Amino acid sequence: MEIEGTITTGYGKGAYFLGQDFYKSKFNEICGFVPFPGTLNIIVEEKYLDDIRQIKTKCTNVIKPKEGFGGVKYIKATLNDNITGAIVFPDKTTHDENYLEFIAKDNLRNKLILKDGDKVKVKINLS
């Protein structure tokens, strides 16, 4: 499944959580990379929301919470056809449902020279 969206600035909370050794080691173990401490926030159009809800509901990939932290569902994905990463669905999130949070090993804003308002494409690996 392919979803298009627009880059936006998040709240900065992803940096804190992805900076925790617990999450770093778990993502390295299951996704094959240590995530950059921060998420790339992508606003998606309403036409994708039903699909996203369905993916989130059916997703069985879960990092169990550590004391004081929430669990995280994740699904592997690709950004702009060449950046391997994952979409994360934290149990404890303050984002609206039209936000996707993409993680990867690199700071994607710097690597891809992305700024708020830029369009991106996310291919979600459903298999």
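**Chatting about a pocket and a fold**

Biologist: Hi! How do the residues of the lining of the second largest pocket divide into nonpolar, polar and charged?

Modeller: They divide into five nonpolar, five polar and three charged (Ala, Val, Leu, Ile, Met, Phe, Trp, Tyr, Cys and Pro count as nonpolar, Asp, Glu, Lys and Arg as charged, the others, Gly among them, as polar). A pocket here is an open set of points on a 1 Å grid over the protein atoms alone, where a 1.4 Å probe fits, with protein on both sides within 12 Å along at least five of seven lines; lining residues have an atom within 4 Å of a point.

Biologist: Is this a predicted model, and what's counted?

Modeller: This is a predicted model, where local features need pLDDT of at least 70 and side-chain atom pairs count only at pLDDT 80 or more, while totals for chains, interfaces and linings use all residues. Residues are numbered from 1 along each chain as its sequence is written, and side-chain values use heavy atoms, leaving out hydrogens and water.

Biologist: Back to that pocket: which element gives the most to its lining?

Modeller: That's H3, with four residues. Helix H3 (49-58) and strand E4 (72-79) each supply at least two residues of the lining.

Biologist: New topic! How many helices and strands does the protein have?

Modeller: Four helices and seven strands (DSSP runs numbered from the N terminus: H or I, at least four residues, for helices; E, at least two, for strands). From the N terminus on, they run β-α-α-β-α-β-β-β-β-α-β.

Biologist: And what does the C-alpha trace span?

Modeller: Along its principal axes, about 35 × 30 × 25 Å.
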